[in-house]
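Here is a friendly walk through some empty spaces, a helix and a group of aromatic rings. Have the model open beside you as you read.

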Amino acid sequence: MEVFWKAIAEGTRLLAHGDPYTYGIIALSLRVSGISLLIASAIGIPAGYLIGSRRFRGRSLVTAVVNTGMGLPPVVVGLVVYMLVSRSGPLSQAWTSWLGGIMPRILYTVPAMILAQVIISLPLVVGVTLAAVGSVPMDLRLQARSLGASGWHEAALTIKEARRGVMAAVAAGFGGIISEVGAVSMVGGNIEGSTRVMTTAIVLETNKGNFGKALALGFILIGIAFLIMNGMTWLQQSGGRYER
Amino acid sequence: MIDRLRESAAWRLIALTLVFVLAFTLVGCKKAEEPEEPAVEEEVVEPTALILASTTSTQDSGLFDVLIPAFEEAYPEYKVEVIAVGTGEALKLGENKDADVLLVHAKAKEETFVAAGFGTERRDVMYNDFVIVGPAADPAGIKGMTVAADAFMKIKTSGALFVSRGDDSGTYTKEISIWKASGETTPTATPTYQLAGKGMGDVLKMASEQAAYTLSDRATFLKLEGTLQLEVLVEGDKALFNQYGVIPVTDATNAEGAQAFMDWILSDEGQSIINEYGVEEFGQPLFIGNPS
């Protein structure tokens, strides 16, 4: 048991002393997953609303594809993104044949990591949003429409009604990427000072046998996730208060 | 009126979410850039990235922590980015030209790689050796044996558990060559032979937890020894020799940097860093330079 207390103490020490290495990887984790979540939410919430509220042919197929996407193994996403952005990959070849010259390197950069994490979190955001939107009573939307609400008004009303679910969608997307290691390790390369994030640092410290430090970083990661998830819940509740 | 209020509440909620996400995104940006600032002020020219694909065992040994800063000091125009993967993946990265220079340890595969035109040349850099490690109780009774292949056979016939890397790594390649020397075909997974498919550090932990035998490079073992309940049982056989080679990738993005790295690591300066690494901590060097 003592080893866990030591790890918590070590984690606190790393934070309290402002260890630049630790703060660097925490900041990068937040930056990569934050930007990814922002992009995934901007695309995923409207997409989830459209799929969840409209009746169209192939809707059940689209829903099934989205739900399957919620279970995408991050390492497979990493492998696909790697093959896509590799210097021998299709993007690079297209660049050379259309624009000439060599494509600037994407592999082992933050944008490559963001691309992978957007792919991982997008189905999570879409899937949970569409389930939440689908549970909003049809009557409500029909009533809004009969009272002359425009499409935008109807969307706003529906998303407001489904706000808990939409928030859960954003939280699910965030949870899926902040803790993910397979994709960021493959396309980021875990390069110290440029693409090393918390999860890949934990793997590295574990491999080096520095269990204490690995565990300390793990606790910091859990602490950050707790704060952010709590912040989301707080926002959701303050939104509810405003309503009254 | 109520409708409008409700509507604005919904939008406010969404806006708040986005602002919140954006806020911690920006906080992330700011903090991430802080450590970079002094470097930018010092150097007018932005250093070019030099991608070094190497093995997890080399990175886990800690050698790069002293080797890379020394190289970057000698060549401030390059910023080395280390990608630590298995030898198989490192060679694949080189084949796809996603790495500029390789530092790996599977000589036969490296020669094939260069012969296929993926690398410009291959030079010996340094060596360390492999050791057969196992529990102190040594149920197979291999302690002190001098021929690695015989020790492997004895582990197998005794029915003791052996954990294999089971990946495409240099260590696994070495293990297979020892099995071949013992007259055994490549072993397949059995209850007493586990194919882990993991890095050296992970496999050593698995062996330790199960009181099993495994083959490890000495550097990784010495680094992790304190956290393991394993000891060196067989060492010194020439078959356990672990040669590292450096290969600049053909048509690499940073071909000049790759060449500079190879020349530097083979130079007296690079070699002396290699030969001194580990002496202070373990009383013996982890790697011995033998440049060709």
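The lining of the second largest pocket in this predicted model is made up of 12 nonpolar, 12 polar and seven charged residues. That lining counts 31 residues, and A:Ser185, B:Thr56, B:Ala84, B:Val85 and B:Glu89 are the ones nearest the pocket centre. The volume of the second largest pocket comes to about 790 Å³.

Which elements build this lining? On chain A, helix H4 (74-85), helix H10 (182-188) and helix H11 (198-207) each give at least two residues, and on chain B helix H3 (56-61), strand S2 (78-85) and helix H5 (87-95) each do so too. In terms of domains, domain 2 (39-127 + 242-289) and domain 3 (130-240) of chain B each contribute at least three residues to the lining of the second largest pocket.

Now to the enclosed spaces. Rolling a probe the size of a water molecule over the atoms shows where empty space is left. Over the whole structure, the search turns up four cavities of 30 Å³ or more. The second largest cavity holds about 90 Å³. It has 14 lining residues, and A:Arg87, A:Arg105, B:Lys97, B:Asp98 and B:Thr253 are closest to its centre. Seven nonpolar, two polar and five charged residues make up the lining of the second largest cavity.

Next, the aromatic rings. A pair of aromatic rings is described by the distance of the centres and the angle of the planes. The count over all chains is 13 aromatic pairs, and two of the pairs that involve B:Phe71 are set out here.

| Pair | Centre distance | Plane angle | Type |
|---|---|---|---|
| B:Phe71 and B:Tyr78 | 6.5 Å | 10 degrees | stacked |
| B:Phe71 and B:Phe261 | 5.1 Å | 75 degrees | edge-to-face |

The pair of B:Phe71 and B:Phe261 links distant parts of the chain: B:Phe71 sits in helix H4 (residues 63-74) of chain B and B:Phe261 in helix H11 (residues 255-266) of chain B, 190 residues apart. Are these rings buried or exposed? Both B:Phe71 and B:Phe261 are buried, with B:Phe71 at a relative accessible area of 0%. B:Tyr78 has 9% relative accessibility, so this residue counts as buried under the 20% cut-off. One aromatic cluster takes in B:Phe71, B:Tyr75, B:Tyr78, B:Phe261 and B:Trp264.

Last comes helix H9 (residues 200-209) of chain B, which is mostly covered, with seven of its 10 residues buried. The buried residues of H9(B) include B:Val203, B:Leu204 and B:Lys205. After H9(B) comes B:Ala211, which has a positive phi near 50 degrees.

Terms used
Residues numbered from 1 in each chain as written. Chains lettered and ligands numbered in written order. Predicted model: local features only at pLDDT ≥ 70, side-chain atom pairs only at ≥ 80, totals over all residues. Heavy atoms only, no water. Buried < 20%, exposed > 50% of the residue type's maximum accessible area, 1.4 Å probe, protein only. Helix = DSSP H or I, 4+ residues; strand = E, 2+ residues; numbered from the N terminus. 1 Å grid on protein atoms, 1.4 Å probe; cavity = no way out; pocket = protein on both sides within 12 Å on 5 of 7 lines; lining within 4 Å. Points joined across faces, edges and corners; volume = space filled by probe spheres on them. Nonpolar A, V, L, I, M, F, W, Y, C, P; charged D, E, K, R; others polar. Domains from an automatic or database assignment. Phe/Tyr/Trp six-rings, centres within 6.5 Å; stacked < 30°, edge-to-face > 60°.
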